[in-house]
Amino acid sequence: MRIDIITLFPEMCRCALLESIIGRAVKSGAVTLEFHQLRDYAFDKHKRVDDTPYGGGMGMVLKAEPIALCFEDICSKLGLRPHFVYMSPQGRVLNQQILKDTAEKYDNICILCGHYEGIDERVLEELVDEEISIGDYVLTGGELAACVYADSLCRMVPGVLSDEECFTEESHYNGLLEYPQYTKPSVWRGREVPQVLLSGHHKNIEEWRRMQSIIRTREKRPDMYKIAKISEFEIE
Ligand code: ADE
């Protein structure tokens, strides 16, 4: 997978994404991340990326032309048109299913980060394929949202996570929250690790984990529990 990010603050995205697991995946070539400074595509005589909104009002709006020129430059360098996503609180709220579908469907994704009061609406009409929100709250810009989106997408790509980091067991992947985890020591401040986990009996451990997943989903996320795939036997 290749992700291109268009932003006024490429360093912000680089810092967040080129560390740890995603940084390792970039080094190994499992994913490619490129960061594009929108200012480099402001070719009018004042080199402006933003301007005041028509009709008046507070703040500045990102101009359409630099965004279009940057996206078109990415398209021509790649020799294809990536799926173009705008990070916006007005978008579809991100979840694991959207990530799974997107990672399966697209090898090339371009993410646009907004700033100020947003972007010229005509960019959405003309170029953007999809708007994605990372939750019902407003950030000062799209960069943190883009990092969340890019990180969670990259970790779905085969080869990015090691076997130990595999995502098929974790919260949200199968519509349930993950079971509780413990590590050494087996007794900590008087609290014992559940006996079954020390038993070495793999089938019992698997059943216990599945039950714990169901129980904690019911307790912590009744909305997820309502639609989770759970057998009659397990409900009982
Ligand atoms: N930009 C500002 N707020 C945002 C949000 N909640 N999700 C995505 N992009 C944003």
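**Group meeting: arginine 209, the cysteines and the ligand shell**

Arginine 209 is partly exposed, at a relative accessible area of 26%; on this scale, buried means under 20%, exposed over 50%, and partly exposed in between, with a 1.4 Å probe and protein chains only. Before I continue, please note that this is a predicted model, in which local features need pLDDT of at least 70 and side-chain atom pairs count only at pLDDT 80 or more, while totals for chains, interfaces and linings use all residues. Residues are numbered from 1 along each chain as its sequence is written, and side-chain values use heavy atoms, with hydrogens and water left out.

To return to arginine 209, its place is in helix α8, residues 202–220. Helices (H or I, at least four residues) and strands (E, at least two) are DSSP runs, numbered from the N terminus. Beyond its neighbours within four places in sequence, arginine 209 is in contact with Tyr179, Gln181 and Leu197, where contact means heavy atoms within 4.5 Å. Histidine 115 is 94 residues from arginine 209 in sequence and 44 Å from it in space, C-alpha to C-alpha.

I turn now to the cysteines. A disulfide is a covalent bond between the sulfur atoms of two cysteines. The structure holds zero disulfides, the criterion being a pair of cysteine sulfur atoms within 2.5 Å. Why does cysteine 147 form no such bond? The closest cysteine sulfur, in cysteine 13, is 4.1 Å from the sulfur of cysteine 147, which is too far for a bond. Cysteine 147 is buried, with a relative accessible area of 9%. For cysteine 154, the closest cysteine sulfur is in cysteine 147, at 11 Å, again too far for a bond. Cysteine 154 is also buried, at 1%.

Finally, the ligand. The residues around the ligand, including Met87, Ser88, Pro89, Ile132 and Ser133, are those with a heavy atom within 4 Å of it. Which backbone atoms approach a nitrogen atom of the ligand? A polar backbone atom of isoleucine 134 is 2.9 Å from a ligand nitrogen, one of glycine 135 is 3.1 Å away, and a backbone N or O atom of tyrosine 137 lies at 2.8 Å. The protein covers 96% of the 260 Å² of accessible area that the ligand has on its own, by the Shrake-Rupley method with a 1.4 Å probe. Strands β5 (83–93) and β7 (130–133) each give two or more residues to the shell, and β5 provides the largest share, three residues.

Key. Polar contact = N/O pair within 3.5 Å; in protein donor to acceptor, adjacent residues only side chain to side chain.
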